[in-house]
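Student: I should like to learn how to read the features of a structure. Please guide me through this one.

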Amino acid sequence: MSRVPPFFHALILLVAVPLLAGPEKPIVPAKTPAELEQRITKILKDHKVPGMGVVITSRTGTIWEKGLGLSDVAANKVTTADTLFRIGSISKTFVGLAALKLVEEGRLDLNQPVHDLVPEVAFQNPWETTDPVRVVHLLEHTTGWSDLHLKEYASNDPTPATLAQGLAVGPESRTSRWRPGTRFAYCNSGPAVTAAIIERITGKRFEDYVQETFFLPIGMPTADYFLSSRAKPLLTNLYHGDGRTPYAYWHLLMRPAGAINASAHEMGNYLRFFLNRGEVNGKQLLSASSIQRMETPTTPWSAQGGLKTGYGLHNYTSMDDRGFVWHGHNGGVEGGLSEMLYLPEAGVGYFFSINAGEGDAFHEISRELKAFATKDLPDAALPPPTPVPDAVAKAYQGWYRAISPRNSFDAFLDHLNFAYVSFKGSRLIVHPWIGPSDPFVSVDGLRFRREKQGAPRMVLMQTRDGQLLADSGTTFARISAFTAWTELLVLFLFIAALVTVPVFALVWGLRWLFRRMRGVPNLHVRLWPLLAELVLVGMVVLLTANSDDLIERLGNRTALSLGFTACTYVFALCSVIGLWAALRVDRKGMNRWAYAHSLGASLVFTIVTLYLAWWGVIGYRTWA
């Protein structure tokens, strides 16, 4: 569970990311655990990560298990394999297991409507009569609900809050934005609602049910959802980017989504539970078929189009460039990142958790562990390429836009996440509006994989949502060339305005400073677009300067959150006033190029204002 919703990072960048990320160059795996430890220790040091817990395991036993660095910097406390780390969203896997356990016992049907099971849990679904939100939608993140609102993320009640109290804080976030069971969009309230269903069926607190049904039988006796007296002395601190300043403990509002504290040793036992297909010490806790169902998505468009990759019941696939298809989950909280992945067929998997939120370190360690865990395995067989039929190429070539944003607030950014799709022989080629082209190989003419990946991750479909390119994580809809080029034009004009307004201001500002502009009329026409841009720059500075405590400050009514909302209004006001002033001014005596630039910049900023207002960004109250 990540506390930092992605739209704020994207807002700081001010541009959309490419449609899909490309492959990376392979690395040479470490030959021995000692060499692997040496490499990872260097990564931790380079990125100021104080400590880490890690385990690599096979079906039969541990290959390598270690605690590295420090769990408490001030006390110089050494990390061990028994140190508890916050595993974040890996916690969701236990929600999936608990639901499947009740299914096996005949006490739950994944296709049951949620409203019938927990009518007291509030949510909105405009399609409820024909397409109700079902339990399986909660588990596969296809409810259409937005992710938690900032006030839900910011909650940190040490009492702590009960599950029912947590679900009552922000019910408005649980509103279906499209028909449930069609598009995947990651949502942290789904696991909590599922947990409420499990509590209703079992008559037990969810955390207690998980402990007695899974933690203890699997061999996770110190794992805990709470900052209990048992967990506290074993728990690592989580650190800011300096590697020295600890975060306060976060008491999650939606505990089932990401609150578990567990050690590397315990997570090794958990990995063997999956590798042995639900069996622990000769006892079948869950059937192999249930484990396989957990790993298989069924409801989003991508799965309906035949993809086996994607997000199952709180268990997703991850592919590398040796053809391996991994299963598992990752997790993130402020100051902590974790990953648990395994290969069922090869019988090997790994877990690691670091006590700082350093994404680069996380990524580098993940690659090292994948390489080491598979170093003795031959590359996986790849599906042979298949030519794309001319009729398919003709029908599907064109522009596509992402239509499954994680947050309601994200929609204005996803609207800019579009690319042109073309075909050549057996390849589908994605051409993002920014960045290099990205080729995919046809498996059967409609489904596509990356060049070195062992399973398709993209499918072309005709659905009631229109013509789609459904990736295993994102849904893209066909848009017209006119729409794409119009929006690209506005986008590039906006970027051009951002670049040129301060350049022009530097020229006329210096002239004004040295009294060379005395007598030049209508300087206010040039001033308004500059003020609008300064407000945008101020918003970025405001957010980046407070990035360490961004969620707490934005999720509550603070000077930062009020300032953010005020800035959206001021930007809109400066843009509109600038356009109004440019249209009404007497241009006599003004330089025509200066006037044209001021008019154009104000017009573009006004168009952007209308765009942001349409998506609810102008006046957005982050704490509400």
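Tutor: We shall take a helix, a buried residue and a barrel in turn. The model is predicted, so local features need pLDDT of at least 70 and side-chain atom pairs count only at pLDDT 80 or more, while totals for chains, interfaces and linings use all residues. Residues are numbered from 1 along each chain as its sequence is written, and side-chain values use heavy atoms, with hydrogens and water left out.

Student: What span should helix α3 have at 1.5 Å a residue?

Tutor: Helices are DSSP runs of H or I with at least four residues, and strands are runs of E with at least two, numbered from the N terminus. The expected span is 1.5 Å times one less than the number of residues. For the 13 residues of α3 (residues 92-104) this gives 18 Å, and the end C-alpha atoms lie 19 Å apart, which agrees.

Student: How many residues of α3 are buried?

Tutor: Buried means under 20% relative accessible area, exposed over 50%, and partly exposed in between, with a 1.4 Å probe and protein chains only. Eleven of the 13 are buried, so α3 is largely enclosed by the rest of the structure; among them are F94, L97 and L100.

Student: Which residues does H327 touch?

Tutor: Contact means heavy atoms within 4.5 Å. Leaving aside residues up to four places away in sequence, H327 touches several residues, including E295, Y316 and M340. H327 belongs to strand β9 (residues 325-333) and is buried, at a relative accessible area of 10%.

Student: How many strands form the closed barrel?

Tutor: Two strands pair if DSSP finds at least two bridges between them. Eight strands, running from β12 to β19, form the barrel with antiparallel pairing. Within β18 (residues 466-471) and β19 (residues 475-479), paired over three bridges, L468 stands opposite A477.
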